[in-house]
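Work through the exercises below with the structure open. Try each task before reading its solution.

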Amino acid sequence: LEIEPSFFELTSALAFKYFQEQQVDYAIIEVGLGGRLDSTNIITPILSVITNISLDHTEYLGNTLEEIAAEKAGIIKPRVPVVIGETSASTRKVFEEKAAQANSSIIFAEDFNEITSITNHDGQLEIETKNYGSFVCQLSGDYQRNNIATVVSAIDTLKQCGVAISNEAIAKGIGNVCNITGFRGRWTVIAHNPLVVCDSAHNIAGLTSVVSQINRIECNKLHMVVGFMADKDLQHILAILPKNAQYYFTQAHTPRALPAQALMQLAARHGLLGNAYDTVDKAYSSALCTATHDDFIYVGGSMYVLAEFFKFINQ
């Protein structure tokens with residue numbers, strides 16, 4: 001039998017082998033597109049976590065939130081607890097039914113009242129909790145509020161399972177998450193005067209939160225450097241993007257990318273006006289040359305776009 005693994009399947013196997021050789025105590029395994037049929041789903045974890053459900057990768061996962069939730073719920077294992085980050089009335093029922101079938105305890109982070117307050121201060125989130133003290137998170141995107149609630153719920157569940165996690169470790173991990181992991185591209189502030197922020201949100205759920213945060217930024221003029229994959233729900237995405245901005249439409253060097261010219265034409269139907277650039281560096285350079293001291297430049301739409309953006313600014 002000839003096996004032709006995908007890139008993700010191959011790298012997942014390499015990761016598992018590496019973790020085994022390094023004899024890690026704990027490994028955090030993130031699924032790929034879905035869950036149920038994902039190559040990472042061969043493991044039996046001590047805890048499963050499902051963050052949120054959005055209409056993404058519909059050609060593989062389904063056309064409704066319920067169908068996608070059922071695929072994501074495929075990581076729930078018999079008698080293994082599961083933490084759910086965010087739900088709607090329709091997806092909550094899917095998770096509850098799957099957990100009941102697997103005889104697994106289910107914890108909804110949105111019902112977990114450990115966090116008493118979260119405030120944004122100088123580009124960082126200050127978090128107050130009931131039992132874990134106070135700590136600061138380097139990530140400052142609005143959506144991190146839900147992510148942090150999910151993390152704290154997961155930590156609490158792990159501690160109940162006998163995993164020793166100190167308050168100091170929690171504060172250190174969340175407070176230094178970017179320094180420790182090199183994590184970038186989640187409401188990352190690149191520069192000031194003009195303010196430059198990049199974010200990898202690429203579906204309706206993520207971009208709805210990001211656009212809300214963009215709209216609260218006080219600036220003279222907004223510049224949007226954006227590129228998307230062709231398989232995204234662009235009709236709905238473009239409908240929610242700010243109309244009071246100058247756009248720089250671009251494309252990443254991948255066959256999945258929607259060509260910049262096509263994106264520009266599609267965006268124009270939604271009142272989003274600007275020019276097309278065949279590379280990310282050209283689009284960003286144009287925005288940087290046009291922007292004044294009090295302007296705001298946003299770069300995003302795709303992880304592929306950000307990869308090329310980071311490569312360009314690091315040169």
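**Exercise 1.** Which side chains along strand β5 (residues 124-129) are buried, and which are not?

*Solution.* This is a predicted model, so read every value as computed from it.
Step 1. Recall the general pattern: in a regular strand, side chains alternate between the two faces of the sheet.
Step 2. Apply the cut-off: buried means under 20% relative accessible area.
Step 3. Sort the residues. Leu125, Ile127 and Thr129 point to one face and are buried. Gln124, Glu126 and Glu128 point to the other face and are not buried.

**Exercise 2.** Find the strands that pair with β5, and give the sense of each pairing.

*Solution.*
Step 1. Take β4 (residues 115-121). It pairs with β5 in the antiparallel sense, over six bridges. Isoleucine 115 stands opposite threonine 129 in β5. That threonine is one of the buried residues of β5.
Step 2. Take β6 (residues 134-137). It pairs with β5 over four bridges, again antiparallel. Glutamate 126 stands opposite valine 136 in β6.
Step 3. Inspect the connection. β5 and β6 form a hairpin with four residues between them. In the turn, glycine 133 has a positive phi of about 75 degrees.

**Exercise 3.** Judge how compact the protein chain is.

*Solution.*
Step 1. Count the elements: twelve helices and twelve strands.
Step 2. Compare radii. The radius of gyration is 21 Å, close to the 20 Å that the globule rule gives for 315 residues, so the chain is as compact as a globular protein of that length.
Step 3. Add burial: 44% of the 315 residues count as buried.

Notes. Residues are numbered from 1 along each chain as its sequence is written. This is a predicted model: local features need pLDDT of at least 70, side-chain atom pairs count only at pLDDT 80 or more; totals for chains, interfaces and linings use all residues. Side-chain values use heavy atoms; hydrogens and water are left out. Buried means under 20% relative accessible area, exposed over 50%, partly exposed in between (1.4 Å probe, protein chains only). Helices (H or I, at least four residues) and strands (E, at least two) are DSSP runs, numbered from the N terminus. Two strands pair if DSSP finds at least two bridges between them. The radius of gyration is taken over C-alpha atoms; the globule rule is 2.2 Å times the number of residues to the power 0.38.
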